[in-house]
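Here are my notes on the model, set down as numbered points to be read alongside the sequence and the coordinates.

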Amino acid sequence: MPNKILVVLEQRDNNIKKISNEVSKAGFELSQKINCEVEAVIIGGEINDLSKIGNFGIGKVTHLKNIELTKYSSSAYTKSIVEIINEINANIILVGNTSLGKDLAPRIAARLDAGIAVDVIKIETSENNIVATRPVYAGKALIDVKINSEKKVFTLRPNVFNPGESIENNAEIIVKEISSPDLSSKVIEVKKSEGKLDVAEASIIVSGGRGMKEPANFKLVEELAEVLNAAVGASRAVVDAGWRPHSEQVGQTGKTVSPNLYIALGISGAIQHLAGMRSSKCIVAINKDEDAPIFQIADYGIAGDIFEVVPALIAELKK
Amino acid sequence: MKIAVCVSHVPDTATKIKIGNDAKSIDPTDVTYILNPYDEFAIEEALKTKEKLGGEVVVISLGEETNKESIRKALAMGADNGILLKDSGIRDSLSLSKALAEEIKSQGAQLVFMGKQAVDYDNSITGQLTAEFLGYNCVSVVVNLQIDGENIIAEREVEGGKEVVETSIPAIITCQKGLNEPRYASLKGIMAAKKKVIEEKNAMVFENKSEVLQMNKPLGKQAGKIIGNDSSAVPELVRLLKEEAKVI
């Protein structure tokens, strides 16, 4: 059977997510390398600017439509996507490694009895094989994985595959109504955290640790984050101490992140924290202790007092 | 109701990872293994559910003899029975999930708790896969759970908030930090757990669909420069971020 790639796109509040551009471009580039077709699928009600996914190399996208599926339903999404995979005979399925993708991809793999590699940061081809590289042990090691089943499912880590410059191109949209979706599991409400960026998605993260000395001082972390339009992160120590919510924790028992810029304030750099953020593209550390392990992986460091340096940094950035 | 908890036995998160001689897995020498941190939330939630709805909690772990340490920890916390599915081979997540599904089926457990991920391979997929093989519902990364008869309302953590999911038993719930505060094992619990017999059986074998070709250390990031020790370094830092790193 010839190869065919299916990219699973994701919308939130009817807008296509940034990760979908990244996965589309990765799918397009893979299709060029192994010389096969690529198309996309998305589930939702009305979706804004869907044809623009063509800007990232997708020629055709199937829109599985039902207003009830604007929000995620694991049962309905799994069933509909597996149907489309079988209908178009796709054998390489690419999904974003997001909350939705992480939940959905294994279900698809199970139904197809397909091997799955998650949180992939690199896809290479060699002699007809696709080799996916992914972090394990929260990034303390990397593994190269080969899937031996004919159908293969991959989830791609956000912020790693560069969608590149978008080129003007409209994708052909095929709309298929889903008449009676299987809603045995469905999201009935989304509770948003008050307008805050999430560490898992942000391209800049400002994190604070023990060196912030007390919870009230996180105001400084928040202020710097606001100036940079960044998400606020935290070390395990301050989350365990109850200073910050677990959703902000970066590290092995929190979130593994790869933003463009990671600023660590008063974080010494325990191995489990470093594991969760070492793949950030640029790391800045500000910490009084110049022997702190965080400086060993930081691109730029200031070995000084946070309470003196950070206000100056905020002022400089506001200039 | 019979409640199952699946636990894994993993290297402590403070462990430094060394690549083994096979170049495909870690060198286990000097590595301390612990109960997977997220599984503690799964055990606690299973015990809380049993206290509310009655029933029995059975702990299942697939792996080697040493996995019994993690099973015993769950027993000490208050689980009723433990089962070791003996296996020493290499398994991918599909094969693991199929074996767990077989055992859950033979136990007749209608409600299953797992940690949202094991901190070794960080797959975060075993719960969803196992649920599919059983035909159960599944909610992953759960931080709040209410069970009322057959009905389940679960909140799962997503980017920038929480999704409230409505589903029903039979189901698998994968547990995230924040769901509960795992209890400490009492001395009495620890003593009782020591006496309990952990049932052993051979795990069913299934074909692997994927294989690890190689394990590598991540490319060492070279330490950058410390550009100063007070706020006088700030303009230079901002210049570097703008002009050299081009990240702001």
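1. A first pairing to look at in this predicted model is the one between chains, where strand 13 of chain A (residues 186–192) runs antiparallel to strand 9 of chain B (residues 161–168) and is joined to that strand by 6 bridges. Within strand 9 of chain B, the residue standing opposite A:Glu189 is B:Val164.

2. As for the contact between the chains in general, 76 residues of chain A are in contact with 68 residues of chain B. The most residues on the chain A side come from helix 3 of chain A (residues 99–112), which gives 8, and that side as a whole divides into 36 nonpolar, 21 charged and 19 polar residues.

3. An open sheet is formed by 6 strands with parallel pairing, in the order 15(A)-14(A)-16(A)-17(A)-18(A)-13(B). Strand 15 of chain A (231–234) and strand 13 of chain B (225–228) stand at the edges with a single partner strand each, so one side of each has no neighbour in the sheet. On average, and with direction ignored, neighbouring strands of this sheet are turned by 25° against each other.

4. Inside that sheet, strand 16 (residues 261–265) and strand 17 (residues 282–286) of chain A pair in the parallel sense over 5 bridges, and A:Tyr262 stands opposite A:Ile283 of strand 17 of chain A.

5. Helix 4 of chain A (residues 218–228) packs on the sheet, where it touches strands 14 (204–208), 15 and 16 of chain A, and its direction makes about 170° with that of strand 14 of chain A. Helix 8 of chain A (residues 306–318) lies across strands 16, 17 and 18 (300–302) of chain A, and runs at about 130° to strand 17 of chain A.

Key
Residues numbered from 1 in each chain as written. Chains lettered and ligands numbered in written order. Predicted model: local features only at pLDDT ≥ 70, side-chain atom pairs only at ≥ 80, totals over all residues. Contact = placed C-beta atoms within 7 Å. Helix = DSSP H or I, 4+ residues; strand = E, 2+ residues; numbered from the N terminus. Nonpolar A, V, L, I, M, F, W, Y, C, P; charged D, E, K, R; others polar. Pairing = 2+ DSSP bridges. Axes fitted to C-alpha atoms, helices over the stretch in contact; angles between N-to-C directions.
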